[in-house]
Amino acid sequence: MSFDPATVRISYDRMADRYAEEFDDELSHRPLERALLGALPELAGLDTRPGVVADLGAGPAHVARHLRAAGVPTIAIDLAPAMAMVANHRNHVPAAAGSLTALPLAGASLGAAVVFYAVIHLDDEGLQAAASELARVLRPGGVALISIHVGDEVRHLDEWHGEPVDLDFRFLQPDALGRVLAGTGLRVEATLEREPIADVEAQTRRAYVLARRPIVASGPVRAAGEA
């Protein structure tokens, strides 16, 4: 297994355009994800306290595009510079290259964050760092919506979208992710699991974890790399 960020970045850079074409309309087949995204502004209190949402590990930022079309101010960050470029030019989303484990964002600068199927490329250390970064960049009361493939396995791909890649996809258990988030001071408020949608997506069980940075911190909020 390899969760080397450089390998992940190179792999996604190679297939950015084809990836964007394949996943451009995936939300149209996922009513539950659309419903969760629709509830996000209210969950984050954006109606009474406006703030920015970040689509993290955004790929071509089709999720950010969906939120922006609903009037939610959303930016995108992806590890692969080519993905960020596609987000800017194809989906017209303000986007930048950056790592989940060292986000190029100021502390407490986000009202909410969406992290759909992005922590799947992190090992234990990387997952801890990413959770710490979420806790750092969310403002008090801000929420993160994180999706994962449910399980305990790791799947590997050497080729994807006609391009050579070197990617490991890590499945996670929702309670394990919840413990990591809780260790940074984030409070898990809801976990939802679903079966795969036949014929339109990879046939894996999915989970969505909603976590909040408390207004009164209930635990440490650490930046990545801090003890």
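Buried means under 20% relative accessible area and exposed over 50%, with a 1.4 Å probe and protein chains only. This is a predicted model, where local features need pLDDT of at least 70, side-chain atom pairs count only at pLDDT 80 or more, and totals for chains, interfaces and linings use all residues. Residues are numbered from 1 along each chain as its sequence is written, and side-chain values use heavy atoms, with hydrogens and water left out.

**Exercise 1.** Work out which residues of helix α2 are buried and which residues its opposite face carries.

*Solution.* Helices here are DSSP runs (H or I, at least four residues), and strands are E runs of at least two, numbered from the N terminus.
- Start with α2, residues 16-23: Ala 16, Tyr 19, Ala 20 and Phe 23 are buried.
- Look down the axis: those residues fall within an arc of 100° (taken from the directions from the helix axis to the C-beta atoms), so they line one face of α2.
- Now flip to the face turned away from the buried side, where Asp 17 and Glu 21 are exposed.

**Exercise 2.** Find what lines the largest cavity, and sort that lining by class.

*Solution.* On a 1 Å grid over the protein atoms alone, a cavity is a set of points where a 1.4 Å probe fits but cannot get out; lining residues have an atom within 4 Å of a point.
- List the lining: Val 119, Leu 127, Ala 130, Ala 131, Leu 134, Ile 146, Leu 177 and Leu 181.
- Assign elements: α6 (124-137) gives the largest share, four residues, and α7 (174-183) supplies at least two.
- Sort: eight are nonpolar, with no polar and no charged residues.

Definitions and conventions:
On a 1 Å grid over the protein atoms alone, a cavity is a set of points where a 1.4 Å probe fits but cannot get out, and a pocket is an open set with protein on both sides within 12 Å along at least five of seven lines; lining residues have an atom within 4 Å of a point. Ala, Val, Leu, Ile, Met, Phe, Trp, Tyr, Cys and Pro count as nonpolar, Asp, Glu, Lys and Arg as charged, and the others, Gly among them, as polar.
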